[in-house]
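Here is a short note for someone opening this structure for the first time. Please keep the sequence and the 3D view side by side while reading.

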Amino acid sequence: MSRLAGHVQLITAASGGERRGVTVTASCSVSDSPPTVLVCLNGANPRNDIFVRGDSFALNLLGDEHRALAHAFSGRDQLDMDRRFALGQWRQLATGSPILVNATAAFDCRLIEVKTIATHLVLFGEVVDVALGPPRPPLIYVDRGYHSL
């Protein structure tokens with residue numbers, strides 16, 4: 001699977017004063033009417049429950065300049081959530097999920113369905129708001145490292 005290149009994103013959510021963000025590459029557009037995306041997350045991590053019990057999430061698309069942020073949210077450095085979120089500037093759109101201010105694009109989503117497939121949760125979200133940043137080279141993850149186009 002390390003040879004399957006993917007655009008790096010942060011999935012974020014907020015619920016009851018708690019925030020969580022995770023670096024992901026397994027996501028895609030499902031439909032444009034209504035606009036819908038899906039995101040795959042490790043279901044074995046109990047902290048990812050916030051994405052299921054909440055009613056929304058945001059998918060923040062990262063550019064090449066976001067390598068440090070992607071690394072921090074991957075959990076490799078064991079930073080707590082407050083320290084991870086302190087590395088970026090955040091705002092909210094319609095659902096209240098954290099939106100990265102300088103993301104290439106951010107999709108603010110209402111959770112509409114969750115499926116469990118093997119070890120992962122597949123979250124389906126209807127896009128209810130969008131924030132567009134300036135066009136820039138995307139951050140790509142392949143062969144266990146970050147790259148750009």
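1. Naming of elements. Helices and strands here are DSSP runs, numbered from the N terminus; a helix has at least four residues and a strand at least two. With that in hand, P34 can be placed: P34 lies in the loop between β4 (27-32) and β5 (35-42). The model is a predicted one.

2. Overall make-up. The protein has three helices and twelve strands. Its C-alpha trace spans about 35 × 35 × 30 Å along the principal axes. What radius of gyration would a compact globule of 149 residues have? The expected value is near 15 Å, and the protein has 14 Å, which agrees.

3. Contacts across the chain. Consider the contacts between residues at least 6 apart in sequence. Of these, 64% join residues at least 24 apart.

4. Surface and burial. Buried residues account for 45% of the 149 residues. The accessible surface is about 7800 Å². Carbon and sulfur atoms hold 53% of that surface.

5. Charges. There are 14 positive and 14 negative side chains. The centres of the two sets lie 6 Å apart.

6. Cysteines. A disulfide is a covalent bond between the sulfur atoms of two cysteines. How many disulfides does the count give? The count comes to zero. Why is C40 not bonded to C28? The cut-off for a disulfide is 2.5 Å between the sulfur atoms. The sulfur of C28 is the closest cysteine sulfur to that of C40, but the distance is 7.5 Å, so it is too far for a bond. C109 is in no disulfide either; its nearest cysteine sulfur, that of C28, is 12 Å away. The surroundings of these cysteines can be checked too. C40 is partly exposed, at 23% relative accessible area. C109 is buried, at 0%.

7. The cis bond at P34. Look at the peptide bond from S33 to P34. This bond is cis, with omega near 0 degrees. P34 is partly exposed, with a relative accessible area of 41%. Now compare its position with that of R53. P34 and R53 are 19 residues apart along the chain, and their C-alpha atoms are separated by 22 Å.

8. A positive phi at A118. A118 is not a glycine, yet its phi is positive, at about 55 degrees. Where does A118 lie? A118 is in the loop between β9 (105-117) and β10 (120-132). Is A118 buried or exposed? A118 counts as exposed, at 75% relative accessibility.

9. A positive phi at R144. R144 is not a glycine, and its phi is positive, at about 65 degrees. R144 sits in the loop between β11 (139-142) and β12 (145-148). R144 counts as exposed, at 64% relative accessibility.

10. L4 and the other end of the sequence numbering. L4 lies in the segment before β1 (6-7). L4 counts as exposed, at 61% relative accessibility. Which residues does L4 contact, leaving aside neighbours within four places in sequence? L4 is in contact with Y141 and V142. L4 can also be set against R144 from the previous point. L4 and R144 are 140 residues apart in sequence, and their C-alpha atoms are 9.9 Å apart in space.

11. Q9 in its strand. Q9 belongs to strand β2 (residues 9-15). Q9 is buried, with a relative accessible area of 4%. Residues up to four places away in sequence aside, Q9 touches V22, T23, V24, T25, S27, L59, N60, L61 and L62. D129 gives a further reference point for Q9. Q9 and D129 are 120 residues apart along the chain, with 17 Å between their C-alpha atoms.

12. G75 in its loop. G75 is found in the loop between α2 (67-73) and α3 (81-85). Is G75 buried or exposed? G75 is buried, with a relative accessible area of 15%. The cut-off for buried is under 20%. G75 and V22 are 53 residues apart along the chain, and their C-alpha atoms are separated by 7.8 Å. V22 is also one of the residues that Q9 touches.

Note on methods:
Residues are numbered from 1 along each chain as its sequence is written. This is a predicted model: local features need pLDDT of at least 70, side-chain atom pairs count only at pLDDT 80 or more; totals for chains, interfaces and linings use all residues. Side-chain values use heavy atoms; hydrogens and water are left out. The radius of gyration is taken over C-alpha atoms; the globule rule is 2.2 Å times the number of residues to the power 0.38. Buried means under 20% relative accessible area, exposed over 50%, partly exposed in between (1.4 Å probe, protein chains only). Contact means heavy atoms within 4.5 Å. Accessible areas come from the Shrake-Rupley method with a 1.4 Å probe; for residues, only the protein chains shown count as cover. Lys and Arg count as positive and Asp and Glu as negative; His and the chain ends are not counted. The place of a charge is taken as NZ of Lys, CZ of Arg, CG of Asp or CD of Glu.
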